[in-house]
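Here are my notes on this one, in the order I'd click through them. Have the viewer open beside you as you read.

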Amino acid sequence: MKHEARVLLDHGSGGRASQRLIRELFLTHLGNSILDSLDDAAVLEVEGRLAMSTDTFTVDPLFFPGGDIGSLAVHGTSNDLSMLGAEPLYLSCGFVLEEGLPLATLEAVVASMGQALNGCAATIVTGDTKVVPKGAVDKLFINTTGIGRLVGPNPPRGHRAEPGDAILISGTVGDHGLAVLSNREGMRFDSPVISDSAMLHPLVDSLLRAVPDIHVLRDPTRGGLATTLNEIAQQSAQEFVIQEEAIPVQGAVSESCSFLGLDPLYLANEGKFLCILPQAQAQTALDVLQAHPLGRAARRIGEVRTGQSGRVILQTAFGGERFLRMLEGEQLPRIC
Ligand code: MG
């Protein structure tokens, strides 16, 4: 499409301009045999038990180090399916566009969605575009919904953590939240922090092949590691003990966080997951994680024990203990 052009209200009308936008922009980057049919609904051939998840992306800025709203919209929804051990198969995407948005910006986002799907089985099979008058939305929001096929008979679920289980994290925490925030505020650090936004399915797939009996998988997105640990402790009615020193945090992230008064344990991640599993399998799982580029910094950070239901205890570097609580309020708005 012509790149000096901008999104007009007409592009969301369903008429000729919408048709051009679909054919020249969306199908160019996302086309596949199902989407290309341009029927009112996609026809899907699926066998077995399915998982389904939806998420809406409003990140500001649209482009940040390590990703953009398009790759994030693909990774975020696909990863939620992966957290149940499901293989992401089909995605829908709904766009809300602000009148006047440069078409080049939209095209960069859509191209990034196409690239984010490269190398995995998932495709975008249906979509929608709405254009609202200038000021009614900030540039561009995306909703994605995904369907995946559950692989094992007993998928990882939040209620399955058991006393004695090991708690692993697949890598460093806080990278995405800090990358977006620092970019939005125009902060410059000696070593720039890059978002960890990534498609987790390939790593989860190798993990589940090596260790089929994983009790819980969950990606600590909004609210960060601390909030996600609390959610799982509550769902499984167990007590978690976490060793603060064992939690991997990049040097640049922890330095910037102390400077800004932020806690990396509450910052969003978009390419990491918690894995809770029997102690006897923990080393095998760590070996699989650390052998993969996305899991190199994986660590065992704690364990599940019989105690007070829903409580998360953090053993500090100085030998003390404190409760690690859920995020109260919104630490950082529009981070994903
Ligand atoms: Mg999630």
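**Notes on the model**

1. Let's start with a small backbone oddity: Ala-237 lies in the loop between helix 6 and strand 9 (239-243). Its phi is positive, at about 55 degrees, although Ala-237 is not a glycine. Ala-237 counts as partly exposed, with a relative accessibility of 41%. Keep in mind throughout that this is a predicted model.

2. Lys-139 belongs in the same conversation. Here, too, phi is positive, at about 65 degrees, and the residue is not a glycine. You'll find Lys-139 in the loop between strand 5 and strand 6, and at 31% relative accessibility it is partly exposed. Why flag these at all? Because most residues other than glycine have a negative phi.

3. There is also a cis peptide bond, between Asp-60 and Pro-61, with omega at about 5 degrees. Pro-61 sits in the loop between strand 1 and strand 2 (63-64). For context, most peptide bonds are trans. If you are setting up a calculation, this is the bond to look at on screen: Asp-60 to Pro-61.

4. Now the metal. Which residues coordinate the magnesium ion? Asp-80 and Asp-219 do, each through an OD atom, at 2.1 Å. Asp-80 comes from helix 2 (residues 69-82), while Asp-219 comes from the loop between strand 8 (216-218) and helix 6 (224-236), so the pair ties together parts that are 139 residues apart in sequence. Are the two ligands buried or exposed? Asp-80 is partly exposed at 24% relative accessibility, whereas Asp-219 is buried at 8%. The cut-off for buried is under 20%, which means Asp-80 falls outside that class and Asp-219 falls inside it.

5. On to the sheet. Four strands form an open sheet in the order 1-6-4-5, and the pairing is mixed. Strand 1 (50-57) and strand 5 (123-132) are the edges, each pairing on one side only. On average, and ignoring direction, neighbouring strands in this sheet are turned by 15 degrees against each other.

6. Strand 4 shows where the mixed pairing comes in. With strand 6 (residues 140-150), strand 4 (residues 86-98) pairs in the antiparallel sense over eleven bridges. With strand 5, strand 4 pairs in the parallel sense over nine bridges. Tyr-90 is a handy residue to centre on: opposite it stand Ile-147 in strand 6 and Thr-123 in strand 5. Another pair to pick out is Glu-87, whose bridge partner in strand 6 is Arg-149.

7. Next, a helix pair. Helix 1 (residues 16-30) packs with helix 3 (residues 103-117) at an angle of about 30 degrees, the axes being 7 Å apart. Helix 1 brings Leu-21, Leu-25, Phe-26, His-29 and Leu-30 to the contact. From helix 3 come Leu-103, Leu-106, Glu-107, Val-110, Ala-111, Met-113 and Gly-114. Sorted by class, that makes nine nonpolar, two polar and one charged residues.

8. Still in helix 1, have a look at Ser-18. Ser-18 is buried, at 6% relative accessibility. A polar atom of the Ser-18 side chain lies 3.3 Å from the backbone nitrogen of Ser-13. Setting aside neighbours within four places in sequence, Ser-18 is in contact with Asp-10, His-11, Gly-12 and Ser-13.

9. Last stop is a second serine, Ser-170, in the loop between strand 7 (166-169) and helix 4 (175-184). How buried is Ser-170? Its relative accessible area is 0%. The Ser-170 side chain reaches the backbone nitrogen of Phe-273 at 2.9 Å. Not counting residues up to four places away in sequence, Ser-170 touches Gly-271, Lys-272, Phe-273, Leu-289, Leu-294, Gly-295, Ala-297 and Ala-298.

Methods:
Residues numbered from 1 in each chain as written. Predicted model: local features only at pLDDT ≥ 70, side-chain atom pairs only at ≥ 80, totals over all residues. Heavy atoms only, no water. Donors = N, O, S within 2.8 Å, 3.2 Å for Na, K, Ca; no water. Helix = DSSP H or I, 4+ residues; strand = E, 2+ residues; numbered from the N terminus. Buried < 20%, exposed > 50% of the residue type's maximum accessible area, 1.4 Å probe, protein only. Axes fitted to C-alpha atoms, helices over the stretch in contact; angles between N-to-C directions. Contact = heavy atoms within 4.5 Å. Nonpolar A, V, L, I, M, F, W, Y, C, P; charged D, E, K, R; others polar. Pairing = 2+ DSSP bridges. Polar contact = N/O pair within 3.5 Å; in protein donor to acceptor, adjacent residues only side chain to side chain.
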